[in-house]
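Subject: Structure handover

Hello,

Here is the structure for you to look over. My notes on what turned up follow below.

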Amino acid sequence: MGRFLQVAGLAIGLAGLVLQFCITIPASMEAGRSLLGSIVFYFSFFTILTNIGAVLIYTSLLSSSGYAWLPAFAGPRMRAGVAVSIALVFIVYATVLARLWQPQGLFLLCDVLLHYVTPVVFVLWWLISGADGRTRWSDISWWVLYPIAYLAYALARAPFAGEVPYPFLDVAKNGATSVAIAALAITALFLVICFVAVLADHGVARLRTNSVR
């Protein structure tokens, strides 16, 4: 089951990312951005970056012999960190962002694939095959660097690009206080997911050990 989810997750993730790129770039250029600006715009979304991370983890573990094609993405810390991040993608989109726009056609397909399907598949795969009991509470301090770095990038880019990837990060429209509250709320949610992930990782490892006995 784990191998099936890995291959399925890789195929779905790649399909969603490539299709999103192919439809986003022309639409972005039509909206007035340059080709380079459109490419930067595409890679400025937490959803896109996190799904790329998931694809790289799947790819790193493709070898049936256990050899890691991409060692930096094969370790337990990275696997769990991406599981936490992609769970955040699912939760924030489903509870906050989904109601803010109504995608149609291929945009709707990409929306479903990258915000719902890939997070569910990756978390299931991680629980079945990726979790091994080797995560530590100290890993949370590493995992949280990713959303913090992303937030810093999004806010630093906003004055130059005149746009933000997510409406709750728009300081010009919402004010610094509102953005700070939103950022703190999402960070708190991220930390809660981290806590649950470490418990789940250790719990899965204990279940496997007991089943072997």
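Please keep in mind that this is a predicted model.

Aromatic rings

I started with the rings. The structure holds 14 aromatic pairs. One of them joins Phe21 and Tyr42. Their ring centres are 5.1 Å apart. The planes meet at 90°, an edge-to-face arrangement. Phe21 belongs to helix H1 (residues 2-30) and Tyr42 to helix H2 (residues 35-42). The two residues are 21 residues apart, and the pair links distant parts of the chain.

Is each partner buried or exposed? Phe21 has 30% relative accessibility, so Phe21 counts as partly exposed. Tyr42 has a relative accessible area of 5%, so Tyr42 is buried.

Phe46 and Tyr150 make another pair. Here the centres are 5.3 Å apart. The planes stand at 70°, so this pair is edge-to-face too. Phe46 sits in helix H3 (residues 46-60), and Tyr150 sits in helix H7 (residues 145-161). The pair therefore ties together parts that are 104 residues apart in sequence. Phe46 and Tyr150 are both buried.

Phe46 and Tyr150 also belong to a cluster linked by ring pairs. The other members are Phe41, Phe45, Tyr146, Tyr166 and Phe168. Phe41 has a charged partner as well: the charged end of Arg33 sits over the Phe41 ring, 3.8 Å from the ring centre.

Cysteines

How many disulfides does a search of the whole structure find? It finds zero. Take Cys110 as a case. The closest cysteine sulfur to its own is in Cys22, at 8.9 Å. A disulfide needs the two sulfur atoms within 2.5 Å, and 8.9 Å is too far for a bond. Cys110 is buried, at 0% relative accessibility. Cys194 is buried too, with a relative accessible area of 0%.

Pockets

The largest pocket has a volume of about 670 Å³. Its lining has 26 residues. Closest to the centre are Phe41, Phe45, Trp101, Pro165 and Tyr166. Of these, Phe41, Phe45 and Tyr166 also appear in the ring cluster. Which elements give two or more residues to this lining? They are H1, H2, H3, helix H4 (76-97), helix H5 (105-130) and helix H8 (171-174). By class, the lining divides into 16 nonpolar, six polar and four charged residues.

The second largest pocket holds about 350 Å³ of space. It is lined by 16 residues. Met78, Gly81, Val82, Trp143 and Tyr146 lie nearest its centre. Tyr146 is another member of the ring cluster. At least two lining residues come from each of H3, H4, helix H6 (139-143) and H7. H4 gives the most, with five residues. The lining has 11 nonpolar, four polar and one charged residues.

Cavity

How many cavities of 30 Å³ or more does the structure hold? The structure holds one. About 40 Å³ of space lies in this largest cavity. Its lining consists of Gly9, Gly13, Asn51, Ala54, Val55, Tyr58, Ile86, Thr118 and Phe122. H1, H3 and H5 each give two or more of these residues. H3 gives the most, with four. The lining divides into five nonpolar, four polar and no charged residues.

One more contact

Val198 lies in helix H9 (residues 176-212). Val198 has 0% relative accessibility, so it counts as buried. Its C-alpha atom is separated by 9.7 Å from that of Val84. Along the chain, Val198 and Val84 are 114 residues apart.

Where to look

To go through it on screen, I suggest this order:

- The ring cluster, including Phe46 and Tyr150.
- Arg33, with its charged end over the ring of Phe41.
- The largest pocket, with Trp101 and Pro165 among the residues closest to its centre.
- The second largest pocket, where H4 gives five residues to the lining.
- The largest cavity, with Asn51 and Thr118 among the lining residues.

Best wishes

How values were computed: Residues are numbered from 1 along each chain as its sequence is written. This is a predicted model: local features need pLDDT of at least 70, side-chain atom pairs count only at pLDDT 80 or more; totals for chains, interfaces and linings use all residues. Side-chain values use heavy atoms; hydrogens and water are left out. Rings of Phe, Tyr and Trp (its six-membered ring) pair if their centres lie within 6.5 Å; planes under 30 degrees apart count as stacked, over 60 as edge-to-face and the rest as tilted. Buried means under 20% relative accessible area, exposed over 50%, partly exposed in between (1.4 Å probe, protein chains only). A charge sits over a ring if NZ of Lys or CZ of Arg is within 6 Å of the ring centre and within 35 degrees of the ring normal. On a 1 Å grid over the protein atoms alone, a cavity is a set of points where a 1.4 Å probe fits but cannot get out, and a pocket is an open set with protein on both sides within 12 Å along at least five of seven lines; lining residues have an atom within 4 Å of a point. Grid points are joined across faces, edges and corners, and a volume is the space filled by probe spheres set on the points. Ala, Val, Leu, Ile, Met, Phe, Trp, Tyr, Cys and Pro count as nonpolar, Asp, Glu, Lys and Arg as charged, and the others, Gly among them, as polar.
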